[in-house]
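Got your viewer open? Load the model, switch on sticks for side chains, and follow along.

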Amino acid sequence: MQEMVIIDFINKFVESKLNPAQVLALGFGGLILIGATLLNLPLASVDGKSIGFINSLFTASSAVCVTGLVVVNTATHWSIFGKVVIILLIQMGGLGFMTMATLVALILGKRITLKGRLLIQEGLNQLSLEGVVKLTKYVIISTLVIEAIGAVLLSTRFIPIYGFKTGILFSIFHSISAFCNAGFDITGNSIVPFVGDFIVNITISILIIIGGLGYTVYIDVTTHKNLKKCSLHTKFVLFITGILLLAGFIFFFIVEYTNPDTLGNLSFLEKIIASMFQSVVTRTAGFNSIDIGSISKATTFMMIILMFIGGSPSSTAGGIKTTTFGVIILSIITVLKGKTDVEAFKKRIPNELIFRALAVVGIGLFLVILVTMVLTLTEVDATFLDILFETTSAFATVGLTRGITPDLSSLGKIILTFTMFAGRLGPLTLGFALAKKQDEYKGNYRYSEGKIIVG
């Protein structure tokens, strides 16, 4: 009976007159409110006292938006109940509202309507309706399989340290958190205790990379098993991702090599592992194996850039996305070369995609600048660089911090809660919705060309 009530509610919600962007926004918003209500219960805290609704709302938003910013230590403050709520919110937020709704419908044997398919297409950032339900099934199954493999690998290190029961729980929690690019940890100090541990660093890094590449990419790769036969999107994502990972690694390794508070006191191999790990997590997941508050200003700014770019479309990562960044760079190169068409891998990129990329970057920059300006007024004790870092981390749903999150004012927490929510939805819905609406403005005439001096 309860299952029928749930599925009827989902069907009415999905089939409402709201457009796909509104349905997804309300879906994520509803999930956050449910999570905040549960985390606000005294049962969710170890001390048996409510954390307060603003703090629980911030934590729930961070979990659903797979960000990782926290106002309290996840390992010590939350009870078993609270930690279970957080990891479930991370899993549901990582998969997406419509993926979860589809899962419920499939379990109960319900048919997915056309409106539901349109919402799945929007949520998974697909260009076509064809095969979206099949893709959703693949997303759910592959997610669980990959997370299970990750948990098994992590258990080889966590069980000897924490014991069998705790080690298994730690492995499952961190595997889900890593694949969903959330960055929540229950070790109490992220991955700092494992800074030189090859298995832990590599396993978490691979989970983050796979989660950040997007389902479309690894479906394409596993299907064709030959990169030359893969789509332009897959080649573009892999190329940009590889460049960003390598650039982040080299920069971090060189600049922080002698910093005694970060890499300076580590062995050469540990420096390589730590630099690689931070390059991976900076763009998408809020884990850290060194003290982020102690990195140099140059590295801090570099990390802000990498966070803003983020992961790839159809993934659990945030940011403006690798493909958006790549299209903008290629457009600049095309202008400098005096060419007409923007090209990649012997394919021409249509103007519609370039306009979409510009819109996403513009919206992202506007939001980060606006929130940073407001937070400089509300958080007077924090430095500008720390505030810019925190804002970008929230927008790009990364979760890295230079230590100011617990000390934020109530207004600051509310502002960053909105920023995380907007960042989780923005690249997935707003930019896509703007691109779709272009058909509504195609009339039977065009205005004559006008000239504006630019540059």
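Is K339 buried, partly exposed or exposed? Select it and show the surface: K339 counts as partly exposed, because its relative accessibility is 41% and the partly exposed class lies between the 20% and 50% limits. Keep in mind throughout that this is a predicted model.

Now add E343 to the selection. Its side chain meets that of K339 in a salt bridge, at 3.2 Å from N to O. E343 is partly exposed as well, since its relative accessible area is 42%.

How many salt bridges does the structure hold? Three, so let's visit the other two.

**Stop two: R402 and D386**

Select R402 and D386. Their side chains meet in a salt bridge at 2.4 Å, N to O. R402 sits in the loop between α17 (384-395) and α18 (410-436), while D386 belongs to helix α17, so the pair ties together parts 16 residues apart in sequence. Turn the surface back on here: R402 counts as buried at 18% relative accessibility, and D386 counts as buried at 13%.

**Stop three: D197 and R157**

Next, pick D197 and R157, whose side chains form a salt bridge at 2.6 Å, N to O. This one links distant parts of the chain: D197 is in the loop between α9 and α10 (198-213), R157 is in helix α8 (residues 132-162), and the two are 40 residues apart. Colour this pair by accessibility and you get two classes. D197 counts as buried, with 12% relative accessibility, whereas R157 is partly exposed, with a relative accessible area of 26%.

**Stop four: helix α9**

Select residues 164-179 to bring up helix α9. Why does its end-to-end distance make sense? At 1.5 Å a residue, its 16 residues should span 22 Å, and the C-alpha atoms at its ends are 22 Å apart, which agrees. Try the distance tool on those two atoms.

With α9 still selected, highlight its buried residues: G167, F170, S171, F173, H174, S175, I176, S177, A178 and F179. Then step past the end of the helix to N181, which follows α9 and has a positive phi, near 60°.

**Last stop: T74**

Finally, jump to T74, in helix α4 (residues 74-77). T74 counts as buried, because its relative accessibility is 4%. Which residues does T74 touch, leaving aside neighbours within four places in sequence? Show K83, I86, F184, D185 and I186: T74 is in contact with each of these.

Notes: Residues are numbered from 1 along each chain as its sequence is written. This is a predicted model: local features need pLDDT of at least 70, side-chain atom pairs count only at pLDDT 80 or more; totals for chains, interfaces and linings use all residues. Side-chain values use heavy atoms; hydrogens and water are left out. Helices (H or I, at least four residues) and strands (E, at least two) are DSSP runs, numbered from the N terminus. The expected span of a helix is 1.5 Å times one less than its number of residues. Buried means under 20% relative accessible area, exposed over 50%, partly exposed in between (1.4 Å probe, protein chains only). A salt bridge is a side-chain nitrogen of Lys or Arg within 4 Å of a carboxyl oxygen of Asp or Glu. Contact means heavy atoms within 4.5 Å.
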